[in-house]
Amino acid sequence: MTHTVLIVAGGKGLRMGSDLPKQFLPIGGKPVLMHTIEAFHHFDRTMKIILVLPQEQQTYWQELCAKHSFVIEHTVVDGGETRFHSVKNGLACVNSGLVGVHDGVRPFVSPEVIKRCYELAAIKKAVIPVIDVVETVRHITETGSETVSRNDYKLVQTPQVFDAELLKQAYAQEYTPFLLMMLPLWKQWEFLFVWQKGTGKI
């Protein structure tokens, strides 16, 4: 079965205190984004890698690839106005098989997590990795707020891996806020949440 990953990188770097888009910030001498691409390439050297990047950043990315002699094969696709549009643009380059959607600024995803997500997606069609909530969580009410049990919540991570045709169905709709778009499909799909403990292991 064909493996594809859409690596979505549209960040501005503001939360990291930099004018440089965060996907280009250096780690270990090379940009974050290169580490992210390498993680998927090392998992499956035949994997089709699609990088979704704002058009105005693509020339700079090409310059970085030349500077660092970065030669892992990948396709660059224009980012969209929102994440929805960016993923949709990337999906236009996907035919069939399994497709993962991954944040470009998450370079430290483990090979074990990638492997398990793709393996289980081949069976369940839709797999989302999650981790435990370790912070205190409060629910805002009309009269104030209340503490809720962390055991009732998980934090969603990436890569989120799907059967390509199912994901294309979701993104064939007109743009609406994410939850409204996905609710009809959640009723049809059997999602499997891959629970990663605090150690990062599944």
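How many disulfides does the structure hold? The structure, a predicted model, holds zero disulfides.

**Figure 1. Two cysteines, 93 and 117, in a structure with zero disulfides.** Cysteine 93 is partly exposed, its relative accessible area being 26%. Cysteine 117, in contrast, has a relative accessibility of 0% and is buried, because a residue counts as buried when that value is under 20%.

**Figure 2. The surroundings of glycine 79.** Glycine 79 belongs to the loop that runs between strand S5 (75-78) and helix H3 (83-91). With a relative accessibility of 25%, glycine 79 is partly exposed. Proline 54 lies 25 residues away from glycine 79 along the chain, yet a distance of 4.4 Å separates their C-alpha atoms. Proline 54 is also one of the residues that glycine 79 touches when residues up to four places away in sequence are not counted; the others are Val52, Leu53, Ser86 and Asn89.

**Figure 3. A cis peptide bond before proline 159.** Threonine 158 and proline 159 are joined by a cis peptide bond, for which omega is about 15°. Proline 159 is placed in the loop between strand S10 (154-156) and strand S11 (160-163).

**Figure 4. Serine 69 and lysine 125, residues with positive phi.** Serine 69 is not a glycine, but its phi is positive, near 50°. This serine 69 sits in the loop between helix H2 (58-67) and S5, where its relative accessible area of 56% makes it exposed. Lysine 125, likewise not a glycine, has a positive phi of about 80°. The loop that contains lysine 125 connects helix H4 (111-124) and strand S7 (126-132). Lysine 125 is partly exposed, at 36% relative accessibility.

**Figure 5. The largest nonpolar core and a second, separate core.** In soluble globular proteins, nonpolar side chains tend to be buried together. The largest nonpolar core has 28 residues, and those touching the most other members are Ile7, Leu33, Phe40, Trp61 and Tyr118. Two or more residues come from each of strand S1 (3-8), helix H1 (32-43), strand S4 (48-53), H2 and H4. H4 gives the most to this core, namely six residues. A second core, separate from this one, has 17 residues, among them Leu6, Val8, Val52 and Val87.

**Figure 6. The contacts of isoleucine 7.** With neighbours within four places in sequence left aside, isoleucine 7 is in contact with several residues, including Leu33, Ile37 and Phe40. Its contacts also include Ile49, Ile50, Leu51 and Val52, as well as His102 and Gly104.

Conventions:
Residues numbered from 1 in each chain as written. Predicted model: local features only at pLDDT ≥ 70, side-chain atom pairs only at ≥ 80, totals over all residues. Heavy atoms only, no water. Disulfide = S-S within 2.5 Å. Buried < 20%, exposed > 50% of the residue type's maximum accessible area, 1.4 Å probe, protein only. Helix = DSSP H or I, 4+ residues; strand = E, 2+ residues; numbered from the N terminus. Contact = heavy atoms within 4.5 Å. Core = buried A, V, L, I, M, F, W, Y, C linked by side-chain atoms within 4.5 Å.
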